[in-house]
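Open the model in your viewer and keep the selection box handy. This tour goes stop by stop.

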Amino acid sequence: MTTASQDAVSRTTSRSPEAATPVSARRRATRTRLLAAAEEVFAERGFHGASVEDLCERADFTRGAFYSNFASKDELLLELYAEHAARLHTRVAEVAETPGLSLEEVLEGVFDVWDDDPEARRRWHLLTSEFALHALRDEQARAAWATLQGTLREELATLVDRVVEGQQLRPAVASTELVRLIGIVLHGGFEQHLLEPESVPAGSLERTFLPLLVRAATDGPATVGTATGGR
């Protein structure tokens, strides 16, 4: 998890004074085990279906150990997602900043990262969709989720700025708004695939419409795939 993402999680959750102290190696190991257990249990039961007791049982810790590290299940989910997003960002950055790639090759590489593990992608989509619905109904969760999303969007916008400069493009919209729109295409396209897997092959909408979006938002060409949906 990046420093900015970690700060975003800390700013938007209510932590006890003990939990706000510097993290020792032992506490970091405890947090790592709790996060790993949470990823498994959330995948099996969903965010609302998983209780704190379930998470503690899977990690073999007490409730006291949980609450000395996380103020709530919400905070744990936010940190878990921030770490997942940081890993994706690293992989996308490696592709986007590879010297000599055309814009089409950059987009193709991003699609390859996005499509790399369909089952993991499905689990994360379901989990984040469930948490987003929870956030729409809970003001504290909404503020925390929006703050983290905003931080991640800024980090991706910085990467987009570097790609735009390297490709000598002239963006027609702010990079943060372009990142927001890219997210809508990626997540919306995948959700349509989950709802209608036979009618909407995995990645088909994303590979068709993301290049069109990039073309509309910049003065550069973006012709990855075709209207037939790519691979």
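Select α8 (139–166) and α9 (175–195). The two helices are roughly perpendicular, because their packing angle of about 110° falls in the range from 65 to 115 degrees that defines the word. Their axes run 8 Å apart. Axes here are lines fitted to C-alpha atoms, for helices over the stretch in contact, and angles run from 0 to 180 degrees between N-to-C directions. Helices (H or I, at least four residues) and strands (E, at least two) are DSSP runs, numbered from the N terminus.

The model is predicted: local features need pLDDT of at least 70, side-chain atom pairs count only at pLDDT 80 or more, and totals for chains, interfaces and linings use all residues. Residues are numbered from 1 along each chain as its sequence is written, and side-chain values use heavy atoms, with hydrogens and water left out.

Now show the side chains between the two helices. From α8, pick R153, E154, L156, A157, V160 and D161; from α9, pick S175, T176, L178, V179 and R180. Contact means heavy atoms within 4.5 Å. Colour by class: five are nonpolar, two polar and four charged. Ala, Val, Leu, Ile, Met, Phe, Trp, Tyr, Cys and Pro count as nonpolar, Asp, Glu, Lys and Arg as charged, and the others, Gly among them, as polar.

Stay on α8 and centre on V164. Buried or exposed? V164 counts as buried, at 12% relative accessibility. The cut-offs are under 20% relative accessible area for buried, over 50% for exposed and partly exposed in between (1.4 Å probe, protein chains only). V164 touches L169 and P171, leaving aside residues up to four places away in sequence. Add T218: it sits 54 residues from V164 in sequence, yet 8.6 Å away in space, C-alpha to C-alpha.

Next, keep α9 and add α7 (residues 118–137). This pair packs at about 105°, with axes 11 Å apart. α7 and α9 are also roughly perpendicular to each other. On α7, select P118, R121, R122, H125 and S129; they meet L186, H187, F190, E191 and L194 of α9. By class, this contact has four nonpolar, three polar and three charged residues.

Move to the largest nonpolar core, with 30 residues. Such a core is a set of buried Ala, Val, Leu, Ile, Met, Phe, Trp, Tyr and Cys residues joined through side-chain atoms within 4.5 Å. Which residues have the most contacts inside it? They are F42, L55, F66 and L76. Helices α2 (25–49), α3 (52–59), α5 (73–96), α7 and α8 each supply at least two of its residues. A second, separate core holds 26 residues, including L103, V106, V113 and V164.

Zoom in on F66. Its contacts are L34, V52, L55, C56, S72, K73 and L76, not counting residues up to four places away in sequence.

Then select α3. V52, D54, L55, C56 and A59 are its buried residues, and they pack against α2, α4 (63–67) and α5. Just after α3 comes D60, with a positive phi near 65°.

Now highlight 51–70. An unreviewed UniProt entry places the feature "DNA-binding region" there; such annotations may be inferred rather than shown by experiment. This stretch is 65% helix and 0% strand, and its end C-alpha atoms are 14 Å apart.

Finally, zoom out. The protein chain has 10 helices and zero strands. Of its 231 residues, 45% count as buried.

Terms used
Parallel < 35°, antiparallel > 145°, perpendicular 65-115°, else oblique.
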